[in-house]
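Me: Could you take a close look at one part of this model and tell me how it fits in with its surroundings? I'd like a connected account rather than a list, please.

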Amino acid sequence: MPLEAVPVPAWQALAANAIEPNACYLPAWALPVARHARGRGDALALTASDRGIDHRLTGLIPVRWAWRALKLPVPLLVSWNAYAPYAVPLLDAGRPIDAAGALIDAARAAGARALLLQSVATKGTAYAAIVAAAKQRGLPLQVMRRFVRAGLDATQDADAVLNGALSAKKRKELRRQRHRLEDTGALSFVVAATPVQIESALEAFLRLEAQGWKGKRGTALVQDSGDASFIRAAVPALAAHGQSEVVRLLRNGETLAAGLILRDRGRAFFFKIAMDEREARLSPGVQLTLELTRHLCADPAIGFADSTADGEHPMIDHIWRARIEIADVFLALSPRDRQATAIRTVLAARYRAIDVVKALRRTMEKRK
């Protein structure tokens, strides 16, 4: 069914009881993405329900056909990226393996020969349920791509986290940079968490992002009307349920750095960051991240934070030292299916080509 046809109350109930939280698949986030964001308006939903309990929703994963997602004319369903690189399905905590199996069966019933699960956490409970459901059906899984990215164990003391991650020399340099930032006024770390607070804080973030390198590339959120509409709808909607924050580093009322944080139960997602690039030599983005680390570690409701960054990120990897393995996983929907094998071969070639392009880009950037 179209993603927008999923009943929101049932979706919200499933998200609240899912075995693994995923703020990117909350309806208050995913629906504005589907309605407004550029290139993401064709999302479908694979769903599972428990017919014995008033058709209660027990599983959900947004998907797209491969032609729309990857420009490949093959009967492959691809998990939908709700603007953030995290696509763990929502599975009812009471029967996660049954829910995962029902989603697999729904994909097959829709006419797909295979399912590509993008950006799933391979050490998580939801992925373990998918592996178990596939094993029950004798279906092969293959990891097409994997990498590790930074995370924060927010159950620790913030000073212990930062002292363990950063050398004494680096901490001294960061203190020096903070003092230089404070030469013209004291710094303050401000958290906007209510819809009223977030409205102005979000606009400050959008302006800052558009003034930086993303604005020069034309990829800042506010530069596309659909993306701007999505973020202006989603962040306040999540805030109404205590599921989003805009954090800012201020000096004399001026925003030097800002970040967008999504929250779902015990997990936070560091979705985006922007900084005043005129102050880049004094690292206001790093200073914001240090304050965010203290903020999350002091919050008893948060146990872990996902950076949502690329692997080997030059900034966050050195501050948040926990790691999350993220993978794209191919699942054939029938045993020994030749067409699924052919699809997997095409995908493997596509991933190799992407790796070559990335390697060439890195080489060119180093030569600049």
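**Helix α2 and its surroundings**

Reply: Let me start at a loop: Arg265 sits between β9 (254-264) and β10 (267-275). Please keep in mind that this is a predicted model. The backbone at Arg265 has a positive phi, near 50°, in a residue other than glycine. As background, most residues other than glycine have a negative phi. Arg265 has a relative accessibility of 38%, so it counts as partly exposed.

The two strands on either side of that loop lead us to the part I'd like to show you. The buried residues of helix α2 pack against β9 and β10, and also against α1 and α10. Helix α2 is largely enclosed by the rest of the structure, because seven of its ten residues are buried. Those buried residues are Pro27, Trp29, Ala30, Leu31, Pro32, Val33 and Ala34.

Let's take the helix neighbours in turn, beginning with α10. The axes of α2 (residues 27-36) and α10 (residues 225-239) come within 8 Å and cross at roughly 165°. That angle makes the two helices roughly antiparallel, because the term applies to angles over 145 degrees. The crossing of α2 and α10 is right-handed. From α2, the residues in contact are Ala28, Trp29, Pro32, Val33 and His36; on the α10 side they include Gly226, Phe230, Ile231, Ala234 and Leu238. Sorted by class, this contact of α2 with α10 holds eleven nonpolar residues, three polar ones and one charged one.

If you look along the α2 side, it helps to recall how such a helix is built. An α-helix has 3.6 residues a turn, so residues three or four places apart point the same way. Trp29, Pro32, Val33 and His36 are among the α2 residues that meet α10.

Now for the other helix. The axes of α1 (residues 8-16) and α2 come within 10 Å, with a crossing angle of roughly 130°. α1 and α2 are therefore oblique to each other. Here Val8, Trp11 and Gln12 of α1 meet Pro27, Ala30 and Leu31 of α2. Five of the residues in this contact of α1 with α2 are nonpolar and one is polar, with no charged residue.

Trp29 deserves a pause of its own. Leaving aside neighbours within four places in sequence, Trp29 is in contact with Ala23, Cys24, Ala82, Phe230, Ile231, Ala234, Val235, Leu238, Leu262 and Phe271. Among these partners, Phe230, Ile231, Ala234, Val235 and Leu238 are α10 residues that meet α2, while Leu262 falls within the β9 range (254-264) and Phe271 within the β10 range (267-275). So how does Trp29 fit into the wider packing? In the largest nonpolar core, which has 78 residues, Trp29 is one of those that touch the most other members, along with Leu3, Trp80, Phe230 and Ile231. Another core, of 32 residues, lies apart from that one and has Ala165, Ala257, Val286 and Leu290 among its members.

One last comparison takes us back to the backbone. Ser119, in strand β5 (residues 114-121), also has a positive phi, of about 55°, although it is not a glycine. Ser119 is buried at a relative accessible area of 10%, because the cut-off for buried is under 20%, whereas Arg265 in its loop counts as partly exposed at 38%.

Technical notes: Residues numbered from 1 in each chain as written. Predicted model: local features only at pLDDT ≥ 70, side-chain atom pairs only at ≥ 80, totals over all residues. Heavy atoms only, no water. Axes fitted to C-alpha atoms, helices over the stretch in contact; angles between N-to-C directions. Helix = DSSP H or I, 4+ residues; strand = E, 2+ residues; numbered from the N terminus. Parallel < 35°, antiparallel > 145°, perpendicular 65-115°, else oblique. Left-handed = near helix turned anticlockwise from the far one by under 90°. Contact = heavy atoms within 4.5 Å. Nonpolar A, V, L, I, M, F, W, Y, C, P; charged D, E, K, R; others polar. Buried < 20%, exposed > 50% of the residue type's maximum accessible area, 1.4 Å probe, protein only. Core = buried A, V, L, I, M, F, W, Y, C linked by side-chain atoms within 4.5 Å.
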